[in-house]
Amino acid sequence: QMTDRRPRIKEFLSKFFRQHDLAYDEDIFALGFVNSLLALQLVSFVEKEFGVAVEDDDLDLDNFRTVDRIAAFVERKLVAA
């Protein structure tokens, strides 16, 4: 059974979007919330929290655009590992 990682990802992102209840399918880049520092912190969080290595090839905005996509990316990395 697949672990639902979305609540944990949302919890992390919510620290940056305090006034906004982020939906799982909401595009965080389109909302204008993401700067380069947050992007780096997000990658670091994904690596530490879920034990996956984010490679240069993985640094595609589409992998990190929504909570759903981040969770799917983590799942793909764990399955491949």
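Colleague: Is Arg 65 buried, partly exposed or exposed, and what is its relative accessible area?
Modeller: This is a predicted model. Partly exposed covers the range between under 20% and over 50% relative accessible area. Arg 65 falls in that range and counts as partly exposed, with a relative accessible area of 21%.

Colleague: Which residue meets the side chain of Arg 65 in a salt bridge?
Modeller: The N to O distance of the pair is 3.0 Å, and a salt bridge requires such atoms to be within 4 Å. The partner is partly exposed, with a relative accessible area of 22%. The residue that meets Arg 65 is Asp 27.

Colleague: How many residues apart in sequence are the parts that Arg 65 and Asp 27 tie together?
Modeller: Arg 65 is in the loop between α3 and α4, and Asp 27 is in the loop between α1 and α2. The pair therefore ties together parts of the chain whose separation in sequence is 38 residues.

Colleague: Which residues are linked with Asp 27 and Arg 65 in a network of salt bridges?
Modeller: A search of the whole structure gives ten salt bridges. The network that includes Asp 27 and Arg 65 also takes in Asp 62 and Arg 69.

Colleague: Is Asp 58, which forms a salt bridge with Lys 77, buried or exposed?
Modeller: The closest N and O atoms of Asp 58 and Lys 77 are 2.7 Å apart. This pair links distant parts of the chain, with Asp 58 in the loop between α2 and α3 and Lys 77 in helix α4, 19 residues apart. Buried means under 20% relative accessible area. Asp 58 has 12%, so Asp 58 counts as buried.

Colleague: In which helix do Glu 11 and Arg 8 both lie?
Modeller: Glu 11 and Arg 8 form a salt bridge, with their closest N and O atoms 3.7 Å apart. Their positions are three residues apart, about one turn of the helix. Both lie in helix α1.

Colleague: Which element gives the largest share of the largest nonpolar core?
Modeller: The largest nonpolar core has 20 residues, and those with the most contacts inside it include Leu 42, Phe 45 and Val 46. Two or more residues come from each of α1 (6–14), α2 and α4 (67–80). The largest share, six residues, comes from α2.

Colleague: What is the relative accessible area of Asp 57, one of the residues of the negative surface patch?
Modeller: The patch is formed by Asp 57 together with Glu 47, Glu 55 and Asp 56. Asp 57 lies in the loop between α2 (36–50) and α3 (61–64). Exposed means over 50%, so Asp 57 counts as exposed, with a relative accessible area of 75%.

Notes. Residues are numbered from 1 along each chain as its sequence is written. This is a predicted model: local features need pLDDT of at least 70, side-chain atom pairs count only at pLDDT 80 or more; totals for chains, interfaces and linings use all residues. Side-chain values use heavy atoms; hydrogens and water are left out. Patches are made of residues with over 30% relative accessible area and no salt bridge: like charges are joined within 9 Å, nonpolar side chains (Val, Leu, Ile, Met, Phe, Trp, Tyr) within 5 Å. Accessible areas come from the Shrake-Rupley method with a 1.4 Å probe; for residues, only the protein chains shown count as cover. Lys and Arg count as positive and Asp and Glu as negative; His and the chain ends are not counted. The place of a charge is taken as NZ of Lys, CZ of Arg, CG of Asp or CD of Glu. Helices (H or I, at least four residues) and strands (E, at least two) are DSSP runs, numbered from the N terminus. Buried means under 20% relative accessible area, exposed over 50%, partly exposed in between (1.4 Å probe, protein chains only). A nonpolar core is a set of buried Ala, Val, Leu, Ile, Met, Phe, Trp, Tyr and Cys residues joined through side-chain atoms within 4.5 Å.
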